[in-house]
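Let's take a walk through this one together. Have the sequence and the 3D view open, and follow along step by step.

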Amino acid sequence: MTLGVTVNGARYERAVEPRLLLSDFLRHELGLTGTHVGCEHGVCGACTVLLDGEAVRSCLMFAIQADEHEITTVEGLAPSSGDTLHPLQAAFREAHGLQCGFCTPGVLMTLVPFLRDHPDPDERAIREALSGNLCRCTGYQNIVVAVRHACDAHSTPDR
Amino acid sequence: MKPAAFEYFAPATVDQALALLAAHGGEAKPLAGGQSLIPAMNFRLARPRALVDLNRIAELSYIRSAKGGTTIGAMTRQRAVEQSDVVTRGAPLLAEAMPAIAHPQIRNRGTIGGSLAHADPSAELPAVMLALDAAFRARSVTGERTIPASEFFKGMLETALAPDELLVEIGLRPMPDRSGTAFLEVARRHGDYALVGIAVVVTLDGQGRCKAARIALLSVGDGPVLAVEAGKTLTGQVPSAEMVRAAADAAATRDVDPPSDIHASAAYRRRLVAVLTRRALGRAFERAGATQRGRS
Ligand SMILES: Cc1cc2nc3c(=O)[nH]c(=O)nc-3n(C[C@H](O)[C@H](O)[C@H](O)COP(=O)(O)OP(=O)(O)OC[C@H]3O[C@@H](n4cnc5c(N)ncnc54)[C@H](O)[C@@H]3O)c2cc1C
């Protein structure tokens, strides 16, 4: 079947088998290996991407279901020109919000819509927002710090 | 861990979907949010010959309020139900339960109809619907019927739906005056399936006596369990701490026979039933009283 989808602003058309998962389509067909595959049953959150701006598990969707929709992956966060990072990515780097980095793309893609809807969350809200993403390094402490860091950086005009 | 091959259809109308299901005679499965079906396919626990994807059927996604109550289309996303003012006003019990289902990323795809058709005994929505005495509208090529929640859930992952039948709408009647509701659950982590959960609807009469109490428990059996004995102890009584404790006791000892599994022993589940019933009833009666005061 033919799939027409916009990923990180670029339009792609590909012939796909219906059983191809969106996560595998992104990684194998488009080479966007920033989307990680962990558990393939929706628990770990590593494969989280944005579907029309909202966070979803790419392992729990068939690629063909994204037909005529818009997908954003972690590769789409930073501006494509130059080497600046997305403010959230910058905050993760500064606050040491990652260890091995496997869960990081999913964590970032979960947090982008969360921070859009809740620009100034307290720690409890941040932890709840992260409850659908597993970090096997158990580095949650600094992930939470990084999120607060991103909020503060955002609200301070001279940064 | 990849799904077996299947034929894929993405109809645009309910009629087309029903025709496809009928044509495949039980070999095709409807695909709603995919948050339960796709994990099962990824592990090849499910290998349907064909999938009838309901996601392009716009007519199945709506939340409406009318004199007769609130109606919700089966393909309405759980996230949309959670964020709906109509639901908050018309079915506060449902609104209270929504955030307990999984995580936002799952609720962005998962649908209200999918959760009910899946009928997981640990799921929140079947118990909520049983407490609310909801009516489910189902359609097939041969016609349409309405199934009360009390006849819909048949056991572990089993419902009254035929293989070629679609759940199309959930109907919730308006809350009677002097009613109060409450939802509570205990899970190991926010978003996990609950060890025990409870949904309660109580209604008081003009004298402040309990006219009706519908108490539904989840994760204590093969499906949602209506705590009939607990309800009986309350009917006709003026709610008090003692009455609530007696009802909680009846729920834990007479209404449920909970399973033991790796997450919790039967004895612990019973204990949770007693505690949660007491807390939920307390909260629901308080809210019913608050409604009463607000009106007089
Ligand atoms: C990590 C994770 C955690 C979760 N935690 C919870 C939780 O805590 N509580 C909870 O309740 N759920 C939980 N879920 C399940 C989630 O709520 C699912 O979305 C829901 O159970 C199924 O809804 P769906 O729309 O995704 O249906 P699908 O997965 O698409 O379908 C489920 C089943 O129902 C059938 N079906 C779907 N729609 C219809 C219809 N209209 N008519 C007839 N048959 C239909 C399908 O054929 C399939 O057999 C969790 C899921 C995941 C992945």
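**From domains to ligand**

Start with chain B, which splits into domain 1 (7-53), domain 2 (62-172) and domain 3 (179-288). Keep in mind as you look around that this is a predicted model.

Let's look at how the first two of those pieces meet. Measuring over C-alpha atoms, the centres of domain 1 of chain B and domain 2 of chain B are 19 Å apart. Their contact draws on 13 residues from domain 1 of chain B and 16 residues from domain 2 of chain B. Together, these two domains bury about 1,100 Å² between them, and 72% of that is on carbon and sulfur atoms. On the domain 1 side, the residues that lose the most area to domain 2 of chain B are B:Leu18, B:Ala32 and B:Gln35, which together make up 41% of what that side buries.

Now zoom out to the two chains. How many residues of chain B are in contact with chain A? There are 28, and they meet 30 residues of chain A. Chain B and chain A bury about 2,400 Å² between them, with 54% of it on carbon and sulfur atoms. If you want to find three residues to click on, try B:Tyr8, B:Gln105 and B:Arg109: they supply 25% of the area that chain B buries against chain A, more than any other three residues.

Next, find the ligand. Residues from chains A and B surround it, so the site is shared between chains. The shell has 35 residues, and the ones that come nearest are B:Pro30, B:Gly34, B:Leu37, B:Thr111 and B:Glu124. Sorted by class, the shell around the ligand has 18 nonpolar, 13 polar and four charged residues.

Which parts of chain B supply at least two residues of that shell each? Strand 2 (28-31), helix 7 (112-118) and strand 10 (166-172) of chain B all do. Helix 7 of chain B gives the largest share, with four residues.

Finally, check the polar atoms around the ligand's oxygen atoms. B:Thr111, already met as one of the nearest residues, has a polar side-chain atom 2.6 Å from an oxygen atom of the ligand. B:Ser36 also places a polar side-chain atom by a ligand oxygen, at 2.9 Å. With B:Gly191 the backbone takes part instead: one of its N or O atoms lies 3.4 Å from an oxygen atom of the ligand. As for cover, the ligand taken alone exposes 970 Å², and the protein buries 94% of that.

Terms used:
Residues are numbered from 1 along each chain as its sequence is written. Chains are lettered from A and ligands numbered from 1 in the order in which they are written. This is a predicted model: local features need pLDDT of at least 70, side-chain atom pairs count only at pLDDT 80 or more; totals for chains, interfaces and linings use all residues. Side-chain values use heavy atoms; hydrogens and water are left out. A residue is near a molecule or strand if one of its heavy atoms lies within 4 Å of it. A polar contact is a pair of N or O atoms within 3.5 Å; within protein, one must be able to donate a hydrogen and the other to accept it, and residues adjacent in sequence count only if both atoms are side-chain atoms. Accessible areas come from the Shrake-Rupley method with a 1.4 Å probe; for residues, only the protein chains shown count as cover. Ala, Val, Leu, Ile, Met, Phe, Trp, Tyr, Cys and Pro count as nonpolar, Asp, Glu, Lys and Arg as charged, and the others, Gly among them, as polar. Domain bounds come from an automatic or database domain assignment. Contact means heavy atoms within 4.5 Å. Buried area is the accessible area (1.4 Å probe) that two parts lose on being put together, summed over both.
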